[in-house]
Amino acid sequence: MSTNASLTQSEFAEGLRHVGVERSSVVLVHSAMRTFGHIVGGAGTAVEALLETLGPSGTLVTPTFTFAHEAEADPVIDPKSDPSEMGAISEATRRHLHSQRSVAFRHSFAAIGRRAEVITQTDPALSPFDLRSSFGVMLSLNTQILLFGMTYSSSTSHHFAEWVCDVPYRHTISMTLKVRGTDGSIIKQPMMDYQPKSEGGSYYGSRGPDFHRLGRMLEERDLVGTTFIGNAAVRRYAMRDLIDLAQDEAARDHNIFRTPEGQQEILT
């Protein structure tokens with residue numbers, strides 16, 4: 001139930017268990033902390049509630065994406081110091097004492113727990129959505145996706161599904177970037193990015209991205225757990241279920257990830 005009262009760590013953990021977060025699992029969390037209402041202790045409390053629920057054999061993963069580098073003429077990727085642009089809970093995970101972080105141009109991850117190293121220590125030269133990337137490793141570990149106060153439009157795993165389905169309107173870009181090591185030294189590192197192709201001078205042409213269609217299909221198949229934690233609507237679903245469904249649907253129509261022709265707004 002939603003509430004205007006302050007949310008404690010134990011109440012947060014109870015909500016996680018109610019939505020189906022299991023001990024020893026791997027979870028990828030997309031979050032908007034403001035949607036919860038007041039949390040006693042702030043973002044750190046949310047992180048500790050997640051770690052408490054997962055237990056010592058579980059793994060918490062958050063996106064720590066950094067889009068600011070796109071606007072820089074000569075960016076230096078600094079995994080140790082670059083702040084996450086994905087919200088307070090993501091940043092609290094990145095700054096946690098036991099956190100590890102992957103190296104990427106935009107799509108890095110922070111992880112805490114048993115599988116943190118194998119998820120984050122992937123080859124930065126790979127596409128961020130390669131099956132050997134952090135996404136591919138999470139898929140192999142049966143990762144559960146949690147949306148905290150966010151819609152399916154914030155599910156970056158849908159972009160991973162686009163890569164797996166080899167949609168024709170996106171492609172991989174090769175680049176060489178500078179990366180700052182933990183000792184302060186800077187090296188040049190081949191990297192890749194996954195971007196929409198420009199159709200008629202604009203991304204997606206006359207269509208827009210629409211990740212809600214697959215989300216609704218997952219819900220219709222009872223593959224999504226839902227609850228409220230504080231004031232935030234929470235959804236949980238398996239990355240594997242999303243990828244399997246996307247492959248089935250994209251085999252019939254690769255535009256399953258996009259709005260109808262001529263409709264550029266995101267459907268809700």
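Two residues are in contact here when heavy atoms of theirs lie within 4.5 Å. Keep that in mind for the views below, which all show a predicted model.

**View 1. Pro 75 and its surroundings.** Welcome to the loop between strand S2 (59-63) and strand S3 (76-77), where Pro 75 is found. Leaving out residues up to four places away in sequence, Pro 75 touches His 69, Leu 177 and Lys 178. Its relative accessibility is 8%, so Pro 75 counts as buried, the limit being under 20%. Look also for Phe 105: 30 residues separate Pro 75 and Phe 105 in sequence, and their C-alpha atoms are 9.1 Å apart in space.

**View 2. Ser 102 in its loop.** Here we visit the loop between strand S4 (100-101) and strand S5 (109-113), which holds Ser 102. With a relative accessible area of 4%, Ser 102 is buried. A polar atom of the Ser 102 side chain lies 2.8 Å from the backbone nitrogen of Phe 109. Apart from neighbours within four places in sequence, Ser 102 is in contact with Pro 79, His 107, Ser 108, Phe 109, Thr 120 and Ser 134.

**View 3. The seven-stranded sheet.** Follow the strands across this open sheet and you will meet them in the order S4-S5-S2-S1-S6-S12-S11, with mixed pairing. S4 and strand S11 (225-229) are at the edges with a single partner strand each, so one side of each has no neighbour in the sheet. Further in, S2 and S5 run antiparallel and are joined by five bridges. One residue pair to find in this view is Val 61 with its bridge partner in S5, Ala 111.

**View 4. Two helices on the sheet.** Helix H2 (residues 43-54) packs on the sheet and touches strand S1 (26-31), S2, S5 and strand S6 (144-148). The direction of H2 makes about 145° with that of S2. Helix H8 (residues 239-252) also packs on the sheet, where it touches S1, S6 and strand S12 (232-238). Between the directions of H8 and S12 the angle is about 70°.

**View 5. Stepping back to the protein chain.** Eight helices and 12 strands make up the secondary structure of the chain. Its radius of gyration is 18 Å, close to the 18 Å that the globule rule gives for 268 residues, so the chain is as compact as a globular protein of that length. Of the 268 residues, 52% are buried. Among contacts between residues at least 6 apart in sequence, 71% join residues at least 24 apart.

Terms used
Residues numbered from 1 in each chain as written. Predicted model: local features only at pLDDT ≥ 70, side-chain atom pairs only at ≥ 80, totals over all residues. Heavy atoms only, no water. Helix = DSSP H or I, 4+ residues; strand = E, 2+ residues; numbered from the N terminus. Buried < 20%, exposed > 50% of the residue type's maximum accessible area, 1.4 Å probe, protein only. Polar contact = N/O pair within 3.5 Å; in protein donor to acceptor, adjacent residues only side chain to side chain. Pairing = 2+ DSSP bridges. Axes fitted to C-alpha atoms, helices over the stretch in contact; angles between N-to-C directions. Rg over C-alpha atoms; globule rule 2.2 N^0.38 Å.
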